[in-house]
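The following exercises are to be worked with the sequence and the structure in view. Each task is followed by a solution in steps.

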Amino acid sequence: MNLIPLLLVIPLAWALISLLLPRLPLGPIAVLGMLVQLIASALLWRSVQLDGAARYAIGDWMAPLGITLVADGLTVTLLAMTALIAIICAVYALFYLRAHPHEKRYFWPLFWFLLAALNGIWLAGDLFNLYVGLELVTLAAVGMVTLSGKRNALAAGLRYLYAALLGSLGYLLGVALLYSAYGTLDMQQLSQLMENNWTTQAALLLMTLGLLVKTAIFPLHAWLPPAHGGALAPVSALLSALVVKSSFYILARLWLDAGSGLLPVAGAQLLGVLGASAIFYGGFKALQQKEIKMLVAYSTVAQLGYLMLVFPLATGTSPAAAMLAWQGGMLHLVAHAFAKAAMFLSVGTLVLAVGSKQISALAGISTRIPLSLFAFGLAGVSLMGLPPSGGFNAKWLMLQSAMTSGQWHWVIVLSLGSLLTATYIFKVFRVSFDQQAIDQGKGVVARAHWGLEVSALLLAAIAIGLGFAAALPIELLSLPQLENGALEGVSP
Amino acid sequence: MNLAFDIVLGLALLLTALGVFSSKDLFRAVVMFIAFGLLLALVWVRLDAPDLALAEAAIGAGLTGVLMIDAVAHLSANTLQNDQRDDQYDHSPKRPLWLPVISCVGLFVLLLGAIRFRPEASVSLPDMVRDNIAESGVEHPITAVLLNFRSYDTLLEIAVLLVAVVVAMALKPAAEDRVHQPPPAHDPILHGLTARLLPAMLLVGMYVLWAGSYMPGGAFQGGAILAAALVFLQLAGFAVDRYAASLLRLGLALGFLVFLTVAVSVMIGGRPFLTYPEGFAGQLIFFIEAMLTLSIGLILFSLFSQNPPHSGAVGHQGANHDQ
């Protein structure tokens, strides 16, 4: 049995089980399903590593008539990342949702639909199929934000929905233009057919604008902090780690894979400027937050900015610099996913323990709940880009790329960004290590379940571990157009 | 003559769109929106896309209109209860006009250029569909694309619908659970009329589903008609959602369940995902479409019936739970 469709069937089947049989213990069943999913992802990863990229024609209809799925190095890395983060979030949710019976009822179906959609996006080789995947991701994510039914959750969810729908419309309009100009929706065929003309650029511009809204890139980020900061802890982790990455992934595929050579250098620099603004704006806003979850949410706004630096670093530069930028950018995507999931989960535990969302409430907890704080710190190390961590390797690759291509302004942005990250991470530590508060015995109201603490720590450990094992994913993350030969390789 | 009609149609479309935005009265805006949907359906007819026209008229103008009127009724009920909220609506901040105007002009120029300088497509999918339609199991090209060539897209779209209704169920206030719902008002005329119209509506729905295999029609359009029939029943006081509650979940998911089961079970014979066995494509597609019609009808109806009743108090539950 081919593994590629299996990665779609597993989450869809589990979504149906969770929906139709709500009386079953859905949490443990979900963890079991995630285990199957993780094994399938690992096997596919191994097979791509050994045999190269694979294509899979659904319904036995070849593109452009049918829809083709593509599993290349980037795809399998993201599939494995998704499965790993999701299983740990599922374990966390297992314990966390005990206190939320109403939310629990609908969390699991949405969780599985979200995973199916994410896997679908990573595997998609067709522009319209990506649109359907984006819609499924958006709706499931909005549903998860509004699960609690509280007024601010509803407001944040509605805002998220409007922003995301606007983004989808922009993307869809671009897809329609490309289809009318070239007659196909298959990305590989488009990469050979697309020419540099008004229609192509207009289509790609519309798609880019739409995807920038969905990725919450400054100045189109306003929907993100309330949605990510207000959701339940496991939901925030999934949203910040995985959901926003899906639209960035499409953007990167669009400009650097299917439409390579079509992005004007000025446009790439502009995307970089947006990224740099996101890094500084998000960092400053994070520093100003009073609520811990909002601090982490604004940190996501800032960290997403680094992803945009891939475009100026990989456009109009030497192949070596472009390769370094691509690998660094994608490694940053993976490292941030683990670190941010760890951070939201550990913060969720901290909020449960002290019974307040305020940063000031964390005064003196360092001696009371050290494990969660440690997980937060490890995740912070990776976000700051300190060695050894996945974040450090990613930033190091990007720095190297910037220096190779002589783009010193991005070197400055990268360094200052890390400094800013350190400032808001240490803000939390300064409060939690407050000696006066420790002496007064302040802190902890409720004991946190060990399952919550361990799952956050595990994610943070993986983010750090990526610093030692970065060669493993990097090997698979070569620029796709360089291995187009391999893409033809295995077919079902 | 046709050109003149198109120009009038286009202008009417623009005017109703403007009317939706400029109307101060929400109810008026909704009525304008329904008119907009009907005009848009006409535009699809003019563009030779009768499938889209059917869907637009049934879902875009019909069911969306019902949902919006319902929402407006909720809003005004809440407004009447609470005078302070009334003020809130009146003093909504005036947003600057230049941003939407510039975006619209920019988009217009962009699209104009994109269409003017559009290269001639070297690949023709309509030709490929025509060449392969004999193998697809149906005669109507749209159905062949939706249920065979690009059936994977359709599978995911049904999942989108399912997620929408799951979210609606999740947002229904937890405490309520059918206990405090007032009985639906009994209107003898509506009641009698619906009872007599219902067989005709179901028949039309089934016809549209059946027609989908050789002419415009299919699961989405048939499902929308089914949903409309259910909405009529509910409005006439038949309380459909109460009768259906136990089977609702299964009914909602049935189409997706059948679709996914077929998609996976064909793989046992060594075929790729979603490949219909030779000779069975037509029957399988009709079977899937029939189940989808039922589910789509129930999903669209549920989006309407999951709304809390008009008692006002339930709508405000969120505020009480706020911490």
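**Exercise 1. Determine how the span of helix α5 of chain A agrees with its expected span, and whether the helix is enclosed or open.**

Solution. The model is a predicted one.
Step 1. Helix α5 of chain A covers residues 127-145, a run of 19 residues.
Step 2. The expected span is 1.5 Å times one less than the number of residues, which gives 27 Å for this helix.
Step 3. From the first C-alpha to the last, α5(A) reaches 27 Å, close to the expectation.
Step 4. Of its 19 residues, 18 are buried, so α5(A) is largely enclosed by the rest of the structure.

**Exercise 2. Describe the packing of α5(A) against α6(A).**

Solution. Two packed helices are described by the angle and the distance between their axes.
Step 1. The axes of α5(A) and α6(A), the latter spanning residues 151-182, come within 9 Å and cross at roughly 175°.
Step 2. Angles over 145 degrees count as roughly antiparallel; α5(A) is therefore roughly antiparallel to α6(A).
Step 3. Residues of α5(A) in this contact include A:Leu127, A:Phe128 and A:Tyr131, and those of α6(A) include A:Ala153, A:Tyr160 and A:Leu161.
Step 4. By class, the contact has 15 nonpolar, 3 polar and 1 charged residues.

**Exercise 3. Apply the same procedure to α12(A) and α14(A).**

Solution.
Step 1. Helix α12 of chain A comprises residues 292-308 and helix α14 of chain A residues 319-354; their axes come within 11 Å and cross at roughly 180°.
Step 2. The two helices are therefore roughly antiparallel to each other.
Step 3. Among the residues that meet are A:Ile292, A:Lys293 and A:Val296 in α12(A), and A:Gly329, A:His332 and A:Leu333 in α14(A).
Step 4. The contact divides into 10 nonpolar, 5 polar and 2 charged residues.

**Exercise 4. Characterise the fold of chain B and its helix α10.**

Solution.
Step 1. Chain B has 13 helices and 0 strands.
Step 2. Of its 323 residues, 31% count as buried.
Step 3. Among contacts in chain B between residues at least 6 apart in sequence, 71% join residues at least 24 apart.
Step 4. Helix α10 of chain B, residues 219-235, has 17 residues and reaches 24 Å, close to the 24 Å expected.
Step 5. Because 14 of these 17 residues are buried, α10(B) is largely enclosed by the rest of the structure.
Step 6. Just after α10(B), B:Gly237 takes a positive phi of about 95°.

**Exercise 5. State which residues and elements form the contact of chain B with chain A.**

Solution.
Step 1. The contact takes 50 residues from chain B and 54 residues from chain A.
Step 2. The elements of chain B that give two or more residues to its side are α5, α6, α7, α8, α11 and α13.
Step 3. The largest share of that side, 14 residues, comes from α8(B).
Step 4. By class, the side of chain B has 34 nonpolar, 9 polar and 7 charged residues.

**Exercise 6. Identify where the prediction should be read with caution.**

Solution.
Step 1. The model scores ipTM 0.92 and pTM 0.92.
Step 2. Chain A has a mean pLDDT of 90, with 96% of its residues at 70 or more; chain B has a mean of 83, with 83% of its residues at 70 or more.
Step 3. In chain B, pLDDT is below 50 over residues 175-180 and under 50 over residues 311-323.
Step 4. In chain A, pLDDT stays under 50 over residues 481-492.
Step 5. Where pLDDT is low, the predicted coordinates should not be read in detail.

Conventions: Residues are numbered from 1 along each chain as its sequence is written. Chains are lettered from A and ligands numbered from 1 in the order in which they are written. This is a predicted model: local features need pLDDT of at least 70, side-chain atom pairs count only at pLDDT 80 or more; totals for chains, interfaces and linings use all residues. Two residues are in contact if their C-beta atoms, placed from the backbone, lie within 7 Å. Helices (H or I, at least four residues) and strands (E, at least two) are DSSP runs, numbered from the N terminus. Ala, Val, Leu, Ile, Met, Phe, Trp, Tyr, Cys and Pro count as nonpolar, Asp, Glu, Lys and Arg as charged, and the others, Gly among them, as polar. A residue is buried if 20 or more other C-beta atoms lie within 10 Å of its own, exposed if 12 or fewer, and partly exposed in between; C-beta atoms are placed from the backbone. pLDDT is the predictor's confidence in each residue, from 0 to 100. Axes are lines fitted to C-alpha atoms, for helices over the stretch in contact, and angles run from 0 to 180 degrees between N-to-C directions. Angles under 35 degrees count as roughly parallel, over 145 as roughly antiparallel, 65 to 115 as roughly perpendicular and the rest as oblique.
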